[in-house]
Amino acid sequence: MLDLGVVSDGALLTHRGAIVALGSTDEVGRHTLAADAEEIDCRGKVVLPGFVDSHTHPVFTTPRLIDFEKRIAGASYEQIAAAGGGIRSSIRGVREASVGQLAGHVLRALQEMARQGTTTVEAKSGYGLSLESELKSLQAIKIASQGWEGTVVSTLLGAHVVPPEYRDRPEAYVALICEQMIPAAAGQKLASYVDVFCERGAFTPEQSAKILRAAVEHGLKTRVHVCQLTEAELAPLLEFHPASFDHMDYVSEADLPMLAQSPTVATLLPAANYFLGLDRFPDARQLIDAGAAVALATDYNPGTSPTPSMPLVLSVACTHMKMSPAEAITAATINGACALQLQHRKGSLEPGKDADIAIFDVQDYRELAYWFGVNRCERVYLRGTARA
Ligand SMILES: [Zn+2]
């Protein structure tokens with residue numbers, strides 16, 4: 001993760017949305033260029049593969065300001081819910097919104113992400129929590145992705161929490177996910193992945209296994225929110241070959257060797273810890289030193305991480321998790337691509353890969369994690385298409 005393969009005085013050549021050559025300016029300059037080739041001068045700047053934000057929840061309508069203010073004043077989760085905040089307010093908003101309204105919110109989030117250098121985004125449903133509203137959320141992601149030049153990977157997160165109307169019969173809700181939501185999302189090709197929040201207060205390991213099994217049976221891939229609040233046994237979940245385990249704030253040391261040997265990526269979301277004002281952050285050093293693949297993502301969502309900014313995540317990863325700037329950039333690019341099983345197309349600048357390129361107005365890559373509260377991304381190319 002420490003070796004970024006920096007090319008000083010580098011250049012790259014793209015054609016029809018793909019990188020065709022990369023090397024020193026002299027080497028690339030020997031290629032014959034098309035008559036209408038456009039040259040972009042990046043002298044004195046850093047050119048990176050676009051960030052891969054492999055964990056976001058962009059389908060919501062309004063910020064959760066009650067939560068924000070009440071939490072600052074020291075209110076508990078229950079007090080926030082009683083005041084009309086919490087996830088229920090997001091559920092109400094999504095259920096009442098039209099697919100067009102939701103798509104508008106998602107598109108705006110994707111555009112904000114791109115302005116900060118992100119070119120590939122994983123987007124989850126998960127605030128509808130009914131068959132109709134989960135499918136509506138996935139349709140909104142699809143419509144938004146058609147209006148954006150970047151790449152979107154869609155995930156069904158019907159198993160975010162048990163919705164209020166199923167509070168006393170969670171097994172019936174699990175059955176709804178397995179027997180209706182997953183078959184519908186797969187049949188309509190609205191999702192590539194199924195995600196489940198395996199945690200105290202959300203879904204038990206047994207319920208999670210049921211949901212992941214249904215996903216695999218319907219040809220969908222899996223990923224899991226796990227170890228955010230409590231340790232969980234990872235072995236039973238690994239049977240479903242999840243692309244990633246996300247959050248990972250509380251990992252059992254005994255699970256580390258197994259995790260290191262599996263292709264499953266540990267995706268850390270430290271902006272959520274920052275926004276919640278927690279003292280504790282995921283132990284990135286322990287995971288990296290054990291040999292696990294570590295990715296970083298924003299966790300963009302209205303409750304715990306309302307940021308579209310991967311550079312902010314780099315900053316928090318370096319300052320609070322003691323990742324080096326090089327490790328953080330690796331985690332936010334090629335390892336994020338691995339977490340979406342897109343490493344053959346995304347996450348690094350190599351011939352044959354998509355021309356997803358972010359240009360930063362800094363002299364040194366370490367500045368990406370150094371400056372914060374400022375956007376140094378000057379220009380981004382999404383499969384070859386420029387966005388200033
Ligand atoms: Zn999440």
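This dialogue works through the metal site, the sheet and the helix packing of a predicted model.

Colleague: Which protein atoms are the donors of the zinc ion, and what is the spacing of those donors along the chain?

Modeller: In this predicted model, the zinc ion has as its protein donors NE2 of H55, NE2 of H57, NE2 of H225 and an OD atom of D299, at distances of 2.0 to 2.7 Å. Along the chain these donors follow the spacing H-x1-H-x167-H-x73-D. The pair H57 and D299 links distant parts of the chain, 242 residues apart, with H57 in the loop between β4 (51–56) and α2 (65–72) and D299 in the loop between β11 (294–296) and α13 (310–321).

Colleague: Are H57 and D299 buried or exposed?

Modeller: H57 counts as buried because its relative accessibility is 2%, and D299 counts as buried because its relative accessibility is 3%.

Colleague: How should I read the angles among the four donor atoms of the zinc ion?

Modeller: As a general reference, four tetrahedral donors have ideal angles of 109.5 degrees. Here the angles among the four donor atoms run from 79 to 167°, and the site of the zinc ion is irregular.

Colleague: What is the strand order of the open sheet, and which strands stand at the edges?

Modeller: In general, the strands of a sheet pair through backbone hydrogen bonds, in either a parallel or an antiparallel manner. In this case the open sheet has eight strands in the order β4-β5-β6-β7-β8-β9-β10-β11, with parallel pairing. Strands β4 and β11 stand at the edges and have a single partner strand each, so one side of each is left without a neighbour in the sheet. From one strand to the next, the twist averages 25°. Within this sheet, β9 (residues 244–247) and β10 (residues 265–268) run parallel and are joined by three bridges, and D246 stands opposite T267 in β10.

Colleague: Where do helices α6 and α7 lie relative to the strands?

Modeller: Helix α6 (residues 131–146) lies across β5 (118–124) and β6 (151–159), and runs at about 175° to β6. Helix α7 (residues 170–187) packs on the sheet, where α7 touches β6 and β7 (193–198), and its direction makes about 155° with that of β6.

Colleague: Which residues of α4 are buried, and what covers them?

Modeller: In helix α4 (residues 87–96), the buried residues are I87, S89, S90, I91, G93 and V94, and their cover includes α3 (77–82), α5 (99–115) and α6. Helices α4 and α6 pack at about 75°, with axes 9 Å apart, and are therefore roughly perpendicular to each other. V94, R95 and E96 of α4 make this contact with S133, K136 and S137 of α6.

Note on methods:
Residues are numbered from 1 along each chain as its sequence is written. This is a predicted model: local features need pLDDT of at least 70, side-chain atom pairs count only at pLDDT 80 or more; totals for chains, interfaces and linings use all residues. Side-chain values use heavy atoms; hydrogens and water are left out. Donors are N, O and S atoms within 2.8 Å of the metal (3.2 Å for Na, K and Ca); water is not among the atoms, so sites may look incomplete. Four donors count as tetrahedral if all angles lie between 85 and 135 degrees; four count as square planar and six as octahedral if opposite donors are over 155 degrees apart and all others between 65 and 115; anything else is irregular. Helices (H or I, at least four residues) and strands (E, at least two) are DSSP runs, numbered from the N terminus. Buried means under 20% relative accessible area, exposed over 50%, partly exposed in between (1.4 Å probe, protein chains only). Two strands pair if DSSP finds at least two bridges between them. Axes are lines fitted to C-alpha atoms, for helices over the stretch in contact, and angles run from 0 to 180 degrees between N-to-C directions. Contact means heavy atoms within 4.5 Å. Angles under 35 degrees count as roughly parallel, over 145 as roughly antiparallel, 65 to 115 as roughly perpendicular and the rest as oblique.
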